[in-house]
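Thanks, everyone. I will take the metal site, then the charged pairs, then a few backbone details. The structure is on the next slide.

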Amino acid sequence: TKLRNTLNERNLDAILVGQPANRRYLSGFTGSAGTLLVSASRAVLASDFRYYEQVQREAPDFELAKVTGRFSDLLAELVTGMAVERLGFESQHVTVDQLRQWSQNAHGVEWVPLKDTVERLRAIKDEDEVKALRRSTALTDAAFAHLLGLIRPGMTEREVAWEIETYMRTHGASGMAFDPIVAAGPNGALPHARPSDHVIQTGQPIVIDIGCILDGYCSDMTRTICLGQPSAKYLEVWSVVREAHEAARETVAVGVTGVEADAVARDLIAGAGYAEYFGHGLGHGVGLAVHESPRASRLSEDTFKPGMTLTIEPGIYLPGEFGVRLEDLVIIREDGVEVLTGTPKEPVVV
Ligand code: ZN
Ligand code: ZN
């Protein structure tokens, strides 16, 4: 229904959707290949032999169109049969080659580029999606709690990352939302470090950024901890990041912009003298994809609406020394946020 509103708004006869998360969001179909063609009266899912049965099971509201030869031939048949003149397509996801092939076959069709059309619908979560996000986040919390029981100096970053991944997989995750980040000491100064064979030392700050996929929905959380006696500088930086995190969390609400939320955390970090060490945005939406609309950053064009998700993840990265990032996932509500992440924030693990 929401997508069909777009048909009217943009004066389109149909919309073609192939991006996997968008396709799944609209149809329920989780297979790796398929294209939706939605008009005011018909909803078609074109897929090949591998998925005939899965389409009928997962997307019963869609008519299955069997792809037996070239997709562009089938598409031409479908748009002719549906008398489509203006056809919307996902301009960020369709390649130049695809568009050329499709338009050569489907004569008389006007191709209308659509940007972020389904992504904008996906940004507002319904309560079933919120429940799925809660389950996914709870599993990430549980994996972190499990890790705290076994992490110790002498383990490598890679071993720690594997413990997290194993726990998530054996407790229902279908995959990782992204490769776990476990970055100790100087490695933590790289915001997207890869786990290495670096052996974790007593007193070394460790950035742990993890998330899983459960029932299709992602989770995303970062904690920074230190095993044993920390340095005074680490404790100071950690406190600044927590203050920035809390200030941003208290600011985010319906009607606030991504730029405003980002500025609250950024100004606080700058006020503490670390302006140049917070080089990424404050946060992003999480749903079927781990990074999706809205964004909170200096360049964000988003204004928060009820039901949006957002990570709040300020950080300070001191090259050659260490990094600190604290990240929670929240749902934006009328008068503030509902924090989904349940893991406490503690700078030191004894
Ligand atoms: Zn993260
Ligand atoms: Zn994140």
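Four residues coordinate the zinc ion (ligand 2): Asp220 through OD, His284 through NE2, Glu313 through OE and Glu327 through OE, at 2.1 to 2.2 Å. Please keep in mind that this is a predicted model. Along the sequence, the donor residues of this zinc ion (ligand 2) follow the spacing D-x63-H-x28-E-x13-E.

What is the geometry of the site of the zinc ion (ligand 2)? It is irregular, with angles of 78 to 154° among the four donor atoms. Four donors would count as tetrahedral only if all angles lay between 85 and 135 degrees. Water is not among the atoms, so sites may look incomplete.

There is a second metal to mention. Asp220 bridges the zinc ion (ligand 2) and the zinc ion (ligand 1), and the two ions lie 3.1 Å apart. Two of the donors come from distant parts of the chain: His284 sits in strand β13, residues 283-285, and Glu327 in the loop between β17 and β18, 43 residues apart. His284 and Glu327 are both buried.

Now the charged pairs. Side chains of opposite charge can pair when their charged atoms come close. How many salt bridges does a search of the whole structure find? The search gives 22. I will go through three of them.

The pair I begin with is Glu338 and Arg134, whose side chains meet in a salt bridge at 2.5 Å, N to O. Glu338 belongs to strand β19, residues 336-339, and Arg134 to helix α7, residues 127-148, so this contact ties together parts that are 204 residues apart in sequence. Glu338 counts as partly exposed because its relative accessibility is 23%. Arg134, at 35%, is also partly exposed. These two belong to a network of salt bridges that links Glu127, Arg134, Arg333 and Glu338.

Next, Arg158 and Asp197 form a salt bridge, with 2.9 Å between the closest N and O atoms. Arg158 is in helix α8, residues 157-170, whereas Asp197 is in the loop between β8 (181-184) and β9 (205-210), 39 residues apart. Arg158 has 44% relative accessibility and so counts as partly exposed. Asp197 is exposed, with a relative accessible area of 52%.

The last of my three is Arg325 with Asp209, where the closest N and O atoms are 2.9 Å apart. Arg325 lies in strand β17, residues 322-325, and Asp209 in strand β9, so the pair connects parts 116 residues apart in sequence. Are these residues buried or exposed? Both Arg325 and Asp209 are buried.

Finally, the backbone. Which residues does a cis peptide bond join? They are Ser293 and Pro294, with omega about 0°. Pro294 is part of strand β14, residues 292-296.

Two residues other than glycine have positive phi and deserve a look on the screen. Ala83 has phi near 55°. Ala83 lies in the loop between α4 (71-81) and β5 (86-90), and at 56% relative accessibility Ala83 counts as exposed. Asp116 has phi of about 60°. Its place is in the loop between β6 (110-114) and α6 (117-123). Asp116 is partly exposed, with a relative accessible area of 25%.

That is what I have; I am happy to go back to any of the slides.

Methods: Residues are numbered from 1 along each chain as its sequence is written. Chains are lettered from A and ligands numbered from 1 in the order in which they are written. This is a predicted model: local features need pLDDT of at least 70, side-chain atom pairs count only at pLDDT 80 or more; totals for chains, interfaces and linings use all residues. Side-chain values use heavy atoms; hydrogens and water are left out. A salt bridge is a side-chain nitrogen of Lys or Arg within 4 Å of a carboxyl oxygen of Asp or Glu. Helices (H or I, at least four residues) and strands (E, at least two) are DSSP runs, numbered from the N terminus. Buried means under 20% relative accessible area, exposed over 50%, partly exposed in between (1.4 Å probe, protein chains only). Donors are N, O and S atoms within 2.8 Å of the metal (3.2 Å for Na, K and Ca); water is not among the atoms, so sites may look incomplete. Four donors count as tetrahedral if all angles lie between 85 and 135 degrees; four count as square planar and six as octahedral if opposite donors are over 155 degrees apart and all others between 65 and 115; anything else is irregular.
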